[in-house]
Each structure stands twice: as structure tokens, then as C-alpha cells.
Amino acid sequence: MVQSEAQPLLRVKDVAVHFGGIVALDGVSFEVARGRIVGLIGPNGAGKTTLFNCVSRLYDCDRGEIAFDGGSLLAVPRHRVAALGIGRTFQNLALFRSMSVLDNVMVGYHCRSRGGFLANALRLPHAVRAERRAAAKAREVLALLGLGALAAKPVAELPFGTQKRVELARALASEPKLLLLDEPASGLNHEEVGELGALIRELRERLQLTILLVEHHMSLVMGIADWVVALNFGRRIAEGAPHEVRLHPELVRAYLGG
């Protein structure tokens with residue numbers, strides 16, 4: 001895939017986060033070029049999910065800057081991040097289990113609609129039109145992920161691997177420029193991990209996505225990432241192409257000790 005030479009879509013510069021006396025991130029800096037799949041790796045407690053939570057504005061930074069698409073992300077209210085073009089999945093599923101697959105995915109599109117609570121409650125014409133657009137978008141994404149036949153099913157009745165795809169569909173329904181995938185292979189079997197890798201590559205191509213991926217499954221990361229950033233104890237310890245980073249001495253020590 002041809003990479004753009006324009007400014008990176010995401011730039012993280014000198015980001016630090018402390019929880020009391022615990023240093024979660026300690027001056028982390030890296031960039032995510034447009035159209036790339038970037039893997040963020042490191043042992044447990046390295047700061048990966050904390051960094052994700054900063055990018056999605058769930059956490060505040062104690063120091064540093066995060067720029068998205070040329071502007072400061074830290075100046076954007078939390079509730080506007082999805083509309084800005086950042087979609088996200090979670091390590092632990094965050095679906096509405098009693099709701100249908102279709103309704104869960106429609107939630108992802110609502111950041112693109114302008115109808116307020118009152119307009120929806122009164123079923124005003126523009127709110128009804130927005131609801132129809134959300135349903136159409138949700139069905140389109142479900143078809144893309146091979147979930148169309150499950151639209152009316154309650155999420156709670158689905159296997160875990162299928163629920164992971166529903167959460168991915170919800171993130172895609174927000175029409176993101178940047179997709180944050182937090183441990184998407186967690187709980188999947190070997191065959192499902194292989195299918196996931198092929199799906200992520202396909203989505204990048206078809207939807208022109210930029211993807212930042214946190215994952216412990218090293219074969220998945222090394223197989224699909226264009227670039228890898230490694231963290232340990234809140235610091236960046238290595239960065240580069242997968243074949244360079246996998247043998248980096250600092251990363252080997254982080255995982256194996258000594």
C-alpha cells in the first residue's frame with residue numbers, strides 16, 4: 001500500500017500519566033502515518049491501554065501533547081472524539097448485551113447524527129430520518145463483517161468471537177479515520193486469530209483506515225503491522241518495522257527478563 005508523505009494522522013509527543021506515585025506513561029512519543037497499521041506492544045503494565053485511554057480522551061495527560069489530523073486532540077471535549085474520527089474497541093467487551101446486534105451497531109453511528117434527546121423522544125421528522133440513516137449504516141457494516149443474518153439477535157446469545165466482531169462493527173459505524181483496537185485477539189482460538197488478521201488488513205484497504213493496535217498476540221502483530229512501537233514501564237523502548245523490533249535487545253529483556 002502506498003503511504004502518504006503528508007503529516008501523520010496521529011502524533012503523540014512526550015506524554016506522561018501518573019496515578020498517585022505510579023508512573024503509567026513516562027514521556028512517550030511516536031507517530032502514526034496515514035494508512036498504516038501500527039502495533040503497540042509490551043508486557044503487562046507497560047502502559048499500552050493507558051495510552052489508548054489518553055488518545056480516546058478517557059484519561060487526561062499530566063504532560064505532553066496528542067495531535068490528531070493536524071489539531072490538538074487534548075483541546076477536544078471527550079464527547080466529540082468519535083465525531084472527530086476516532087473509533088475504538090475495548091479489551092473487555094463493552095456491548096449492551098440485552099440489545100440486538102443491529103441496535104448495538106447503530107449506537108456507533110449516533111456520533112454522526114445531530115438529533116437531541118427531545119427530538120428523538122418526540123419522533124420529530126429529522127430525528128426519524130437520522131434513525132433510518134443509522135440503521136442503514138449499521139446494516140452496511142454488518143454485511144461487511146459477515147454479520148448481516150444476526151442483526152436481530154440479542155448480543156448475549158452470540159459466541160464470544162462473534163461478539164468481538166459486533167464491537168468492531170460498532171466502532172466502524174462511527175466512520176473513523178483512526179481505529180483503535182485494544183486486544184482484539186483476546187479470547188480467540190488460533191483459527192479465529194488468523195481470520196482476524198486477514199479481516200484487519202481487508203478493512204484497512206477497503207475503508208482507507210489508519211489502525212493503532214494493542215495486542216499480546218505477537219504473531220498477529222508481526223504479521224499485519226507496518227510499524228511497531230514497544231513500551232515497558234511506561235517508556236518507549238523500541239520502534240521500527242516488525243522484523244527489526246522483534247529482536248531488539250530491550251524488547252527481549254522486557255519479555256524474558258535479565
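This report walks through two sheets, one helix and a few surface residues of a predicted model.

**The four-stranded sheet**

Let us start with the open sheet of four strands, whose order is β2-β1-β4-β5 and whose pairing is antiparallel. Its edge strands are β2 (22-32) and β5 (71-72), and each of them pairs on one side only. Eight bridges join strand β1 (residues 10-19) to β2 in the antiparallel sense. If you would like a place to look, His18 has Val23 in β2 as its bridge partner.

**The six-stranded sheet**

The other sheet to visit is also open, with six strands in the order β6-β7-β8-β3-β9-β10 and mixed pairing. At its edges stand β6 (86-88) and β10 (235-240); each has a single partner strand, so one side of each is left without a neighbour in the sheet. On average, neighbouring strands of this sheet are turned by 20 degrees against each other, direction ignored.

Strands in a sheet are held in pairs by backbone hydrogen bonds, and the sense may be parallel or antiparallel. The table lists pairings of this sheet.

| Strand pair | Sense | Bridges |
|---|---|---|
| β3 and β8 (residues 210-214) | parallel | four bridges |
| β3 and β9 | parallel | four bridges |
| β9 (residues 227-232) and β10 | antiparallel | five bridges |

Some residue pairs help to trace these contacts. Gly39 stands opposite Leu213 in β8, while the bridge partner of Leu40 in β9 is Val229. Val229 also stands opposite Glu239 in β10, so following Val229 takes you from Leu40 across to Glu239 in β10.

How many residues of strand β3 (residues 37-41) are buried? Five of the five are, so β3 is largely enclosed by the rest of the structure. Side chains of a regular strand alternate between the two sheet faces. In β3, Ile37, Gly39 and Ile41 point one way and Val38 and Leu40 the other way, and all are buried.

**Helix α6**

Helix α6 (residues 160-173) has 14 residues, which at 1.5 Å a residue should span 20 Å. Its end C-alpha atoms are 20 Å apart, in agreement with that expectation. Is this helix enclosed or open to its surroundings? Twelve of the 14 residues of α6 are buried, so the helix is largely enclosed by the rest of the structure. Among the buried residues of α6 are the charged-looking names Lys164, Glu167 and Arg170, along with Val166, Leu168 and Leu172. After α6 comes Glu175, with a positive phi near 55 degrees.

**At the surface**

Phe19, Ile22, Leu58 and Tyr59 together make a nonpolar surface patch of about 380 Å². Tyr59 sits in the loop between α1 (48-55) and β4 (63-68). With a relative accessible area of 31%, Tyr59 is partly exposed; patch members need over 30%, so Tyr59 passes that cut-off with its 31%.

Another residue to look at is Ala136, which lies in helix α5 (residues 125-144). Is Ala136 buried or partly exposed? Its relative accessible area is 46%, so Ala136 counts as partly exposed. Ala136 and Val76 are 60 residues apart along the chain, and their C-alpha atoms are separated by 28 Å.

How values were computed: Residues are numbered from 1 along each chain as its sequence is written. This is a predicted model: local features need pLDDT of at least 70, side-chain atom pairs count only at pLDDT 80 or more; totals for chains, interfaces and linings use all residues. Side-chain values use heavy atoms; hydrogens and water are left out. Patches are made of residues with over 30% relative accessible area and no salt bridge: like charges are joined within 9 Å, nonpolar side chains (Val, Leu, Ile, Met, Phe, Trp, Tyr) within 5 Å. Accessible areas come from the Shrake-Rupley method with a 1.4 Å probe; for residues, only the protein chains shown count as cover. A salt bridge is a side-chain nitrogen of Lys or Arg within 4 Å of a carboxyl oxygen of Asp or Glu. Helices (H or I, at least four residues) and strands (E, at least two) are DSSP runs, numbered from the N terminus. Buried means under 20% relative accessible area, exposed over 50%, partly exposed in between (1.4 Å probe, protein chains only). The expected span of a helix is 1.5 Å times one less than its number of residues. Two strands pair if DSSP finds at least two bridges between them. Axes are lines fitted to C-alpha atoms, for helices over the stretch in contact, and angles run from 0 to 180 degrees between N-to-C directions.
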